[in-house]
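Reader: Hi! Could you walk me through this structure in simple words?
Author: Happy to, have a look at it here.
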Amino acid sequence: MSLDAVQVMSGQVKELKVPPPSNGDSRGSWEEKEEFDRDHLGLSTKPKPPKPENAVTVAVSSRVLFRTEREQKVFEQEGVEEYLRDQIAHEDEPFAPGPAFPFVKALETVNGRLRELYPQSEELFDIVLVTYNHAHVGIRLINTINHHNLFIERFCMTGGSSPIGYLKAWHTNLYLSADAEKVREALAEGIAAATMFMPGKQTEVSESQLRVAFDGDAVLFSDESERIFKAHGLDKFFEHERANEDTLLDHGPLKGFLEALGKLQKKFYAKGHRLDCPIRTYLVTARSAASSGIRALKTLRAWGLEIDEALFLAGAPKGPMLEKIRPHIYFDDQMFHVEGAAEVGTIAAHVPYGIAQKHNPKQKAGVGK
């Protein structure tokens, strides 16, 4: 299977449907507006966004938050001027949700729970919308955000310039884009980043709990062990892992984001919400538990990081496990596993880092990444 970023893998374009609230519980509902404190005049007010230095900042491109395939074709086939005219002509028509939409909604659900427990705290998720688009297109994006009841106050519309410098200024913890080249650029600057894809089908995900799944090597950890496997085969890999069982793996590009998630999890634990924490993390790795898994677990423990669930698959396909987990997002460095995730309806994100990229084709770029 060959993938282009944010293209439907079945080749058909379908609107992403968000499931309705269940069990009559409005907490974490994606359909109802959050209630906020009232000001001195009794008027409803929205919460202030946190300072970037205090928040877990997630920068999301407009092309992964929303479905913009039609507009992308206008840009590619008719040029930027016609693209801008088209956007202005349709600025009252909201975009449909894209692959990052359920993830962003889940972040906002976690924020709602955090505000209940810590009303004055700025340790929250802060979402920044990043786009190459001209500011003229901002009206349609704002209309879309309001239509879908998203709380996104920070925009970065670069008018064709690279957003990477702005990401650093925002203290970005994670950058999600449809542009593989810009993702590589962000990774080179030390920013956790991944290229998102839209599956042909999509499974329903939790409305009350954010679920994030990570591959191990070249995602949470460095690609040191994967290089041994690629160069010398499986037997040498096992031998290397046994010999280095007590040697910590170096960090990978997504280690910092897992760390940020863990920090927020501990705020819930401190209030007695370990068992019903609205954040849950997963390690889904091709490593074998007995022969190579112990080094991964010792590394996480030494880092002071907890993974809620660890699945060591010993080379078995990851798709069936991801279908059971139903994460809002799954990070992997190999396109083979990203495709396998998409086949079962999982939103997957490719981390173009490490030795495996020598065998991965480049993804196509476009406007509004």
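Author: Two strands pair if DSSP finds at least two bridges between them. Helices (H or I, at least four residues) and strands (E, at least two) are DSSP runs, numbered from the N terminus. This is a predicted model: local features need pLDDT of at least 70, side-chain atom pairs count only at 80 or more, and totals for chains, interfaces and linings use all residues. Residues are numbered from 1 along each chain as its sequence is written, and side-chain values use heavy atoms, leaving out hydrogens and water.
Reader: Cool! What stands opposite tyrosine 330?
Author: That is alanine 348, in S12. Strand S11 (residues 329-332) and strand S12 (residues 348-350) run parallel and are joined by 3 bridges.
Reader: And how many strands form the open sheet?
Author: There are 10, in the order S5-S4-S1-S6-S7-S12-S11-S8-S9-S10, with mixed pairing. Strand S5 (154-157) and strand S10 (309-312) are the edges, each pairing on one side only.
Reader: New topic: at what angle do helix H2 and helix H3 pack?
Author: About 150°, with the axes of H2 (residues 69-78) and H3 (residues 80-89) 7 Å apart. Axes are lines fitted to C-alpha atoms, for helices over the stretch in contact (heavy atoms within 4.5 Å), and angles run from 0 to 180 degrees between N-to-C directions. So H2 is roughly antiparallel to H3; that label is for angles over 145 degrees, while under 35 is roughly parallel, 65 to 115 roughly perpendicular and the rest oblique.
Reader: Which residues meet there?
Author: Arg70, Glu71, Val74, Phe75 and Glu78 in H2 meet Val80, Glu82, Tyr83, Asp86 and Gln87 in H3.
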